Amino acid sequence: MDVRSASDVLLGAAIDGSSDAMPLALAFFLGPLLIGAGALVAAVAVQGWRGRLPRNRGAGIRTPATLASDETWDTAHRAAGPWMAIGSLGSIVPGIIVLFRPSNAFGSTSILVGMGVMVSFVIASGAIGVAAVNHQSRQ
């Protein structure tokens with residue numbers, strides 16, 4: 001197998017412009033959208049992890065326990081930040097893949113798997129944050 005055919009397999013024949021490649025307009029819409037969504041989640045994660053995300057009703061882990069005080073808000077986000085940051089890659093990586101116009105099947109699969117990873121990690125990070133608050137309140 002030569003280099004070009006290996007690339008065709010990996011990128012779903014996008015190199016030779018076969019009809020199986022993701023349409024250009026769709027790739028240029030979804031790629032930046034996914035990257036932007038992942039970057040937004042990553043920004044919230046990093047700010048929370050550093051203790052720089054102010055308590056608010058718009059971004060972060062918003063449960064009665066975490067909104068109770070600035071201390072519980074910071075505790076939750078410091079515990080959840082690393083997991084949320086990892087989850088953001090579930091959107092950023094497929095966004096980058098889509099920009100290379102892979103086959104529709106590979107592009108769709110990477111988006112679905114990536115979104116599943118991101119949602120799973122974000123939900124888990126919320127649970128981790130609330131558990132950290134509950135642990136702190138018992139001490």
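The legends below describe close-up views of a predicted model.

**View 1. A nonpolar patch on the surface, formed by L24, F28, I96, L99 and F100**. Together these five side chains, L24, F28, I96, L99 and F100, offer about 480 Å² of accessible area. Helix 2 (24-49) and helix 3 (70-99) are the elements that give two or more residues to the nonpolar patch. One of the patch residues, L24, has its place in helix 2, and its relative accessibility of 43% makes it partly exposed, because that class lies between the limits of 20% for buried and 50% for exposed.

**View 2. Helix 3, with its bend at G81 and the residue that follows the helix**. The axis of helix 3 bends by about 45° at G81, and the proline P82 follows within four residues. The 30 residues of helix 3 should span 44 Å at 1.5 Å a residue, and the end C-alpha atoms are 40 Å apart, which agrees with that expectation. After helix 3 comes R101, which has a positive phi, near 50°.

**View 3. The surroundings of H77, a buried residue of helix 3**. H77 has a relative accessible area of 2% and therefore counts as buried, the limit for that class being under 20%. When neighbours within four places in sequence are left aside, the residues in contact with H77 are G48, W49, L53, G60 and I61. Of these contacts, G48 and W49 fall within the residue range of helix 2, 24-49.

**View 4. Helix 4 and its buried residues**. Helix 4 comprises residues 104-138, and for its 35 residues a span of 51 Å is expected at 1.5 Å a residue; the C-alpha atoms at its ends are 51 Å apart, so the two values agree. The buried residues of this helix are G107, S110, I111, G114, M118, S125, G126, G129 and V133, and they pack against helix 2 and helix 3. In general, an α-helix has 3.6 residues a turn, so residues three or four places apart point the same way.

**View 5. S125 of helix 4 and its contacts**. S125 lies in helix 4 and, with a relative accessibility of 0%, counts as buried. Apart from neighbours within four places in sequence, S125 is in contact with I61, A80, W83 and M84; I61 is also among the residues in contact with H77. The C-alpha atoms of S125 and G87 are separated by 8.7 Å, although the two residues are 38 residues apart along the chain.

Technical notes: Residues numbered from 1 in each chain as written. Predicted model: local features only at pLDDT ≥ 70, side-chain atom pairs only at ≥ 80, totals over all residues. Heavy atoms only, no water. Patch = residues over 30% accessible without salt bridge, like charges linked within 9 Å, V, L, I, M, F, W, Y side chains within 5 Å. Areas by Shrake-Rupley, 256 points an atom, 1.4 Å probe, with all protein chains shown as cover. Salt bridge = Lys/Arg side-chain N within 4 Å of Asp/Glu carboxyl O. Buried < 20%, exposed > 50% of the residue type's maximum accessible area, 1.4 Å probe, protein only. Expected span 1.5 Å × (residues − 1). Bend = angle between axes of the 7 residues up to and from the residue. Contact = heavy atoms within 4.5 Å.
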